Amino acid sequence: MAQEITTATFDQIVSGSDKPVLVDFWATWCGPCRALGPIVDEIGEEMADRLAVYKCNVDDEQDLAMKFGIVSIPTLILFKGGEPVHTMVGGRPKAALVEEIEANL
């Protein structure tokens, strides 16, 4: 299961990671977020050797949501070397997510 990331831990986790980091920006009240959550967890487990996966609750971490311009959730952002390199907005099937992540790793 993906760990929570907060404003306090964000820079250390994302910049300090030796592999790309996928952050799932979500909220408990968001139906599509709840549907996508288990898929993100599966991807995190299956790609653990090449990808670190975290979740960010936008209600709890509004500063992070604003920093990355999150206006619609779920939003997944892939970071490499501490910088955002690819953004995916909205729910989508697992195969489509994996394909998009693989293309940007």
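**Exercise 1.** Which backbone oxygen does the side chain of Ser17 reach? Place Ser17 in its surroundings.

*Solution.* The coordinates are those of a predicted model, in which local features need pLDDT of at least 70 and side-chain atom pairs count only at pLDDT 80 or more, while totals for chains, interfaces and linings use all residues. Residues are numbered from 1 along each chain as its sequence is written, and side-chain values use heavy atoms, with hydrogens and water left out.

Step 1. The side chain of Ser17 reaches the backbone oxygen of Lys19 at 2.7 Å.

Step 2. Ser17 is situated in the loop between helix 1 (7-16) and strand 2 (21-26); helices (H or I, at least four residues) and strands (E, at least two) are DSSP runs, numbered from the N terminus.

Step 3. With a relative accessible area of 23%, Ser17 is partly exposed; buried means under 20%, exposed over 50%, and partly exposed in between (1.4 Å probe, protein chains only).

Step 4. Not counting residues up to four places away in sequence, Ser17 touches Gln12 and Ala52, contact being heavy atoms within 4.5 Å.

**Exercise 2.** In what order do the five strands form the open sheet? Locate Lys55 within it.

*Solution.* Step 1. The order is 1-3-2-4-5, with mixed pairing; two strands pair if DSSP finds at least two bridges between them.

Step 2. Strand 1 (3-4) and strand 5 (83-89) each have a single partner strand, so one side of each is left without a neighbour in the sheet.

Step 3. Strand 1 and strand 3 run parallel and are joined by two bridges. Lys55, in strand 3 (residues 52-57), is the bridge partner of Glu4.

Step 4. Lys55 is buried, with a relative accessible area of 9%. Not counting residues up to four places away in sequence, its contacts include Ile5, Asp24, Trp26 and Asp41.

**Exercise 3.** Which residues of helix 1 are buried, and against which elements do they pack?

*Solution.* Step 1. Phe10, Ile13 and Val14 are buried in helix 1.

Step 2. These residues lie on the same side of helix 1 because they cover an arc of only 95 degrees around the axis; the arc is that of the directions from the helix axis to the C-beta atoms. An α-helix has 3.6 residues a turn, so residues three or four places apart point the same way.

Step 3. The buried residues of helix 1 pack against strand 2, strand 3, helix 3 (62-67) and strand 4.

Step 4. The face turned away from the buried side of helix 1 carries the exposed residues Ala8, Gln12 and Gly16.

Methods: Polar contact = N/O pair within 3.5 Å; in protein donor to acceptor, adjacent residues only side chain to side chain.
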